[in-house]
Each structure stands twice: as structure tokens, then as C-alpha cells.
Amino acid sequence: MAKIEDMPDVSLRLLEIFAAMMRCSTTVETAEFLGVSQPAVSAGLRQLESQLGITLFERTGRRLQPTAEARDLFEEIRPLFGLLRSFSTRARDMRSGRVGRLRVIATPPLGYSIGPKALRAFLSDRPNVTVAYDVRRLSNVLEAIETGQADVGLVLNAEKLETVNSEIVQRSQMVVLLPEDDPLAEQGTIAAEDLKGRQIVGIDQASQLGRLVAKGFTLGSAPYEPQIEVRYCQTAAALVADGMGLTVVDPYSAQPYLQRGLVARPFMPACEIRASVLTRKGVPHSSTLLGFMEAIRAHINA
């Protein structure tokens, strides 16, 4: 059995020249096909024949005719070039973010609004990308990003985040969501004191947005006494749509209900919120991740 050191040291470049020569017949055509000089093709063929100890081509007029040995060897390596083409295509698709797997996690306001729209656009020309998509509370999103369980997080928050990379993609403010026939709907803005004595669906004050709303009432010198308290802004919006009073929520959660007999007015004093994209610190962004982040920016500012 031949030892490894006895095997001819044939490079892929020489095999590429050989395969092109098998298709093109002349060294000039081969050189044009490969984008190299004609002497480089001739030198490559001589080197390959020397390493193999086999005559691969015989000159007939101005053409080089492959020998029987060359034809046999070409059949042996033909599958290799199919694999190389597949490899190159796969690498190109990875570079452009068109293949791979993406793990997305979001808090409900963005997870049920901007996230799905951006994801649909992102996947429209990426049939080979698979996605794990989850919607959780902010603490769960932060943990998933910090530990690498998710590649990207979409959150709506009012407080600065230190443990992850945070890119603010849009700033907005909390709104009052109420029936369009409510007298307060005629106002351009609605102050906390305007809501005294009204039936309010409040947000759990254990959450950032809940604390933000409560702080707004305090700054507005108005009592904050919700009759109903829920965990998510989407839940509050759904209850208001079912005639349960009014609520102060983020504009993303309010948006789906604006064509269903409800209107949104800015809440005063203004309670700023930030839509942010989170990624793990110290981890390079893949092309797939960069593509999704770009889709988020495009759709949130559309």
C-alpha cells in the first residue's frame, strides 16, 4: 500500500486547469475561461503531468487531445467540481445572509407588531433561512441575549440597558387608547388629570411600562387607580376594544385597534419609550443577523 508521502501532491488549482482543458481543447480557450495567461495554463499542465507521471494530452495540430488516461481521471474528479460549486454557492449565500438559522426573541409590543412584518420581508428572498421566534417578558429577553440562547432581541423599554448591546431604532411615547366617541377623543393630547374618575385598564407595575405609566400620573398630579390591571399592553388594548374603559399603552400595541372604533392620543406628561434591537456583547454579527436588523430598521421607520 502506498504511503501518504508517496502520493502526488496535486493542488486544486492544477485540477481546475486540467478540468478546464478537458472542456476547452486549446490552451488559449482554457486561459480565457480561467482568466489567466496561456503560458500559465501550459505550465500548469506540464506540472500536473510531471507530478502524476502520466501523459494527459497529445498535440494534434493546434489542439491538445486528451489521452485515455486523462479521460478516466476526468471522470474521477468530475464530482469534485460539483462539490466545489456547491461550496462556493453556499459560502456566497452565507455571506449575503441567505442561509442559516436565526433566533429571535421579543417583548410583546414589538413581537406582535413590527417583528412579524420585518420577518416576512426578511424571509421573502431567503427560503433557506430558518427562524426560531419567541415572545417573552423583558427579563426573559435580556437573559436569552446575555446567555446566547437568542441572536437578537426586540424590546420596548424606558430604562437604559447595560448588559447587552442596545441599538435604539425608534423613539416614541405612551398614548391613551379610548373609544372614538369618547369626549376626550376630541383633544389633541390627554393629560393624566383628564383621566380622574375614569375606568382605567392599567399595566402591571412590576413591568417597566407599568412603572412608566404610574410615574406619569404622579408627575401629572393625578391619582393612578386602575380598576383592572393586566400584564401586557396588548391585553389592555383588547379589553378597551371590548368596552372596558380606556388605557395608557405604547403606540405599537394600540395600532391594531385604531381601525376598530378606537383612537390614540398622546399621554401627558410625555412618557418616552424606546424601541431597541438587542444583541450579545462580544459576539460578531452574522450576515443573517445583519439582514434581519436592517429589515427591522426599514419597517419600524416606514
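The following paragraphs go through helix packing, an aromatic pair and the largest pocket in this predicted model.

Two packed helices are described by the angle between their axes and the distance between the axes. Helix α3, residues 38-52, is a convenient starting point. Its axis and that of helix α1, residues 12-24, come within 9 Å and cross at roughly 110°. Angles of 65 to 115 degrees count as roughly perpendicular, and α1 and α3 are therefore roughly perpendicular to each other. On the α1 side, the contact is made by L14, I17, F18 and M21. Helix α3 contributes A40, V41, G44, L45, Q47, L48 and Q51. By class, this contact has 8 nonpolar and 3 polar residues, with no charged residues.

Helix α3 also packs against helix α2, residues 27-34. Here the axes come within 8 Å and the crossing angle is roughly 105°. This pair, α2 and α3, is therefore roughly perpendicular as well. From α2, the residues in contact are T27, V28, T30 and A31; from α3 they are Q38, V41, S42 and L45. The contact of α2 with α3 divides into 4 nonpolar and 4 polar residues, again with no charged ones. V41 and L45 of α3 appear in the contact with α1 and in the contact with α2.

F18, part of the α1 contact with α3, leads on to the aromatic rings. A pair of aromatic rings is described by the distance of the centres and the angle of the planes. The structure holds 5 aromatic pairs, and one of them joins F18 and F74. Their centres are 6.3 Å apart, with 80° between the planes, and the pair is edge-to-face. F18 lies in helix α1 and F74 in helix α4, residues 68-95, so the pair ties together parts that are 56 residues apart in sequence.

The last topic is empty space. Rolling a probe the size of a water molecule over the atoms shows where empty space is left. The largest pocket holds about 280 Å³ of space. Its lining has 17 residues, of which R137, L138, S207, Q208 and L209 are the closest to the centre of the pocket. Helices α5 (108-111), α7 (138-146), α8 (208-219) and α9 (233-241) are the elements that give two or more residues to this lining. Among the contributors, α8 gives the most, with 3 residues. By class, the lining of the largest pocket consists of 9 nonpolar, 5 polar and 3 charged residues. Charged residues are thus present in the pocket lining, whereas the contacts of α3 with α1 and with α2 have none.

Conventions
Residues are numbered from 1 along each chain as its sequence is written. This is a predicted model: local features need pLDDT of at least 70, side-chain atom pairs count only at pLDDT 80 or more; totals for chains, interfaces and linings use all residues. Side-chain values use heavy atoms; hydrogens and water are left out. On a 1 Å grid over the protein atoms alone, a cavity is a set of points where a 1.4 Å probe fits but cannot get out, and a pocket is an open set with protein on both sides within 12 Å along at least five of seven lines; lining residues have an atom within 4 Å of a point. Grid points are joined across faces, edges and corners, and a volume is the space filled by probe spheres set on the points. Helices (H or I, at least four residues) and strands (E, at least two) are DSSP runs, numbered from the N terminus. Ala, Val, Leu, Ile, Met, Phe, Trp, Tyr, Cys and Pro count as nonpolar, Asp, Glu, Lys and Arg as charged, and the others, Gly among them, as polar. Axes are lines fitted to C-alpha atoms, for helices over the stretch in contact, and angles run from 0 to 180 degrees between N-to-C directions. Angles under 35 degrees count as roughly parallel, over 145 as roughly antiparallel, 65 to 115 as roughly perpendicular and the rest as oblique. Contact means heavy atoms within 4.5 Å. Rings of Phe, Tyr and Trp (its six-membered ring) pair if their centres lie within 6.5 Å; planes under 30 degrees apart count as stacked, over 60 as edge-to-face and the rest as tilted.
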